Amino acid sequence: MTQKWQPRRGEQALGVVARTKLDAGAQEALLRSATQILGSGMDPRKLPDRATGLVVGYVQSGKTLSFTTVIGLARDNGFPLVILVAGNKDNLLTQSHQRLHKDLDVDGGEGLPAWIMEKNPKVQDGQYEQLLRQTIANWRDTTRDPDEKPTLLLTVLKQNQRLDALTKLLRKLNLADVPALVIDDEADQASLNTKVNQNDESTTYTRLRELRDALPSHTFLQYTATPQAPLLINIADILSPDFVHVLEPGTGYVGGEEFFQRQSPYVETIPAVDIPPQNAPLPVDPPHSLVLAMRLFYVGLAASIIVKSGRRSMLIHPARERLVHLANVQWATAAKDAWYGALTAPINDPDRKEAIAEFKKAYDELATTDQTLPLFDQIVEKLPRALRGTTIIEFNTRGTPKTPEINWRNAEGWILVGGQAVDRGFTVDSLSITYMPRGVGVGNADTIQQRARFFGYKRKYLGLCRIFLEANLRAAFEDYVEHEQTMRTELKQLADSGANLHTWRRRLILDPALRPCRRTIISDPYTRARASGGWTQQRGALVSPANRLANAAVLDKLGKAASFVPDTTYVSKESAQQHLVAHNVPMQAVVDALVDYRFEEARDTAAFTGLLVTIGEALRQNPNLVAAVYKMRPTASGRREIHDDGTIDNFLQGRTDREGGYPGDTFYHRADRVTVQLHAYDLVLASGKELASKQAPLLVFHIPQVLAKDWLVQVQSGQQ
């Protein structure tokens, strides 16, 4: 990774890693990674400046520890303000806030504090404004030593009102000379503009944009385990990353490669008969596979009690309907009570004998992966304690406005039943057994991967772990793991080379090895190609001078890959009605050129990226595909009016309403292949009529209906 500057390792960053249980080598790797991340962003000694970085880790792999170390480094290098945007649910924010407070040792030390930490600051409360002003004033005070200048650490919910309140506070101050660090945890969730195709902005995206606008000098770090949307869809320049860093997990991490290896001993397929039909009445008795999963959990918990290796948890992750959650809680509670009654019955009781025999089967299963299990007689002795010491909880918002918060130390065992609340971001402490009787859904790769709460630092008790999955979901995880490794390898090479992220975007669109990601991204509304085909025009006409020059170079490159001849389908003496055409331009050349075309209007990026992904899929099916490329009125000068925000509604010349008149720009396309029209106009602001740009390049695509339908069928085959 190419760094802009070299951060100094000081007391705070060194303290974070020293408080971990990592060995010396792992601590050094953590510090080195954090130094590269912070050093690739804005240099606090050279203001004003902004930078955006994408930090990619595995699910449950230590992303929080990484950004905690980066935050410590920021304090060591003179950042007076750090903001963590963490989760869109209160329990996730609380989890992150408490973890940061502990790992940074916020209340530790003597004398003036190194940190002032607050959660969800309120604009109405004058205390917060005063605190912010005091912190900045102290930081500017040259009579204070660095250790007398605390850093203000704010954690804020990724939610409309909370972000808005913080932004309003920041706007009250002059922060031009204040270096800030902003971390967006789970950056692919909620942050992106989900209304881009409606010519609108989603609320959370707007609030993040406004927050960044209020900070003239900052580094914005996007942390995620599923970077497909920030990398490929790239739906807003303000969130588009400048650099990428790939996190490497520690030696104790167990992820997809291990859990989903061929013939994995840790994964079980839930039989179709055990998956309750949607909206159908639930049976009175629990599914057989769920009962087996619970027995495995209790045997593992009893073993952990014997060897004093800590608590254990089980996650039951069914469909989102709360009635299904309630049924699973009732099943788990009834089974727990029945087993406890049987195991505490007299020694010759037939129910006790039957229960012990069934638990012996579970013991034998775990023994295939954990050769250190205590003797079965010892397990039987501890099973009543394991049952009695387990808390079963419905983990959703039933009857309350908030998802419950858990104090894990209150019980030796936990069984959580939940849906969306445990999809992402939430850490299930000491999770050993996962039971997930739900399908793939719409098949989005990033959504599927975020359900993998069973990944994590589990090496010490891996033999006790089991994952029960619906058949299609298991296959989806297996596919994703293969894709994830390819993606991470590509991104690491990209980071090491210092190359532009556009390089990797081309690979994502064209490389067959990355297909599992592309297939699901196509179905995302950001990049959905219209099944009917048709025209797609560039809407953001006015771009920066640098991007205008870059785009002109891109189109020049495309022109050199084609052999243009005058179009003779309509003959005119007017230069504004004369065009050049190349009918057989290799599709590969079109993609190679246009993947680097730079947009500044979010709708354009969404629409044209979707087209490129779709074309990339078609190109893999037929590498010999060709396109038609038109240079529209290359010898004529033309002007078009644009709105004050730089957008244009329609710049195509229409049809002349007389016999033999000009047929209109949309006449120029091929019915059997993709058509690309290259336009260039002088742009004039509609409000003041002043010239805004000369010879600004503009793009138009046409996708034939028959090809659009074929490509969408190919891309989405196999999805539910």
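Student: Why does P384 count as buried?
Tutor: P384 counts as buried because its relative accessibility is 12%, where buried means under 20% relative accessible area, exposed over 50% and partly exposed in between, with a 1.4 Å probe and protein chains only. The model is predicted, with local features needing pLDDT of at least 70, side-chain atom pairs counting only at pLDDT 80 or more, and totals for chains, interfaces and linings using all residues. Residues are numbered from 1 along each chain as its sequence is written, and side-chain values use heavy atoms, leaving out hydrogens and water.

Student: Which helix does P384 lie in?
Tutor: P384 belongs to helix α13, residues 376-388; helices (H or I, at least four residues) and strands (E, at least two) are DSSP runs, numbered from the N terminus.

Student: And what does P384 touch?
Tutor: Once residues up to four places away in sequence are set aside, P384 touches Y340, L343 and T344, a contact being heavy atoms within 4.5 Å. In that part of the chain you can also find G341, whose C-alpha is 8.7 Å from that of P384, although 43 residues separate the two in sequence.

Student: Let's switch to L73: buried or exposed?
Tutor: L73 is buried, because its relative accessibility is 0%, and you will find L73 in helix α3.

Student: Which residues is L73 in contact with?
Tutor: Apart from neighbours within four places in sequence, the contacts of L73 are R8, R9, A13, A34, T35 and L38. As for E11, its C-alpha atom is 8.6 Å from that of L73, with the two positions 62 residues apart along the chain.

Student: How many of the contacts in the whole protein are like that, between residues 24 or more positions apart?
Tutor: Such residues account for 80% of the protein's contacts with a separation of 6 or more. For the wider picture, the protein has 21 helices and 22 strands, and 57% of its 720 residues are buried.

Student: OK, helix α4 next. How many residues does it have, and how far does it reach?
Tutor: Helix α4 runs over residues 90-103, which is 14 residues, and its first and last C-alpha atoms are 20 Å apart, close to the 20 Å expected at 1.5 Å a residue; that expected span is 1.5 Å times one less than the number of residues.

Student: Which residues of α4 are buried, and what covers them?
Tutor: The buried ones are N91, L92, L93, T94, S96, H97, L100 and D103. Their cover includes the helices α1 (11-18) and α3 (63-76), together with β2 (81-86), β3 (115-119), β4 and β5 (180-185).

Student: What happens just after α4?
Tutor: There D105 takes a positive phi of about 50°. N120, in the loop between β3 and α5, likewise has a positive phi of about 50° although it is not a glycine, and N120 is buried, since its relative accessible area is 7%.

Student: What phi does R633 have?
Tutor: R633, which is not a glycine, has a positive phi of about 40°, and its place is in the loop between β19 (626-631) and β20 (639-642). R633 counts as buried because its relative accessible area is 7%.

Student: Last one, which residues does the cis peptide bond join?
Tutor: The cis peptide bond joins L47 and P48, with omega at about -5°, and P48 sits in the loop between α2 (24-39) and β1 (50-56).
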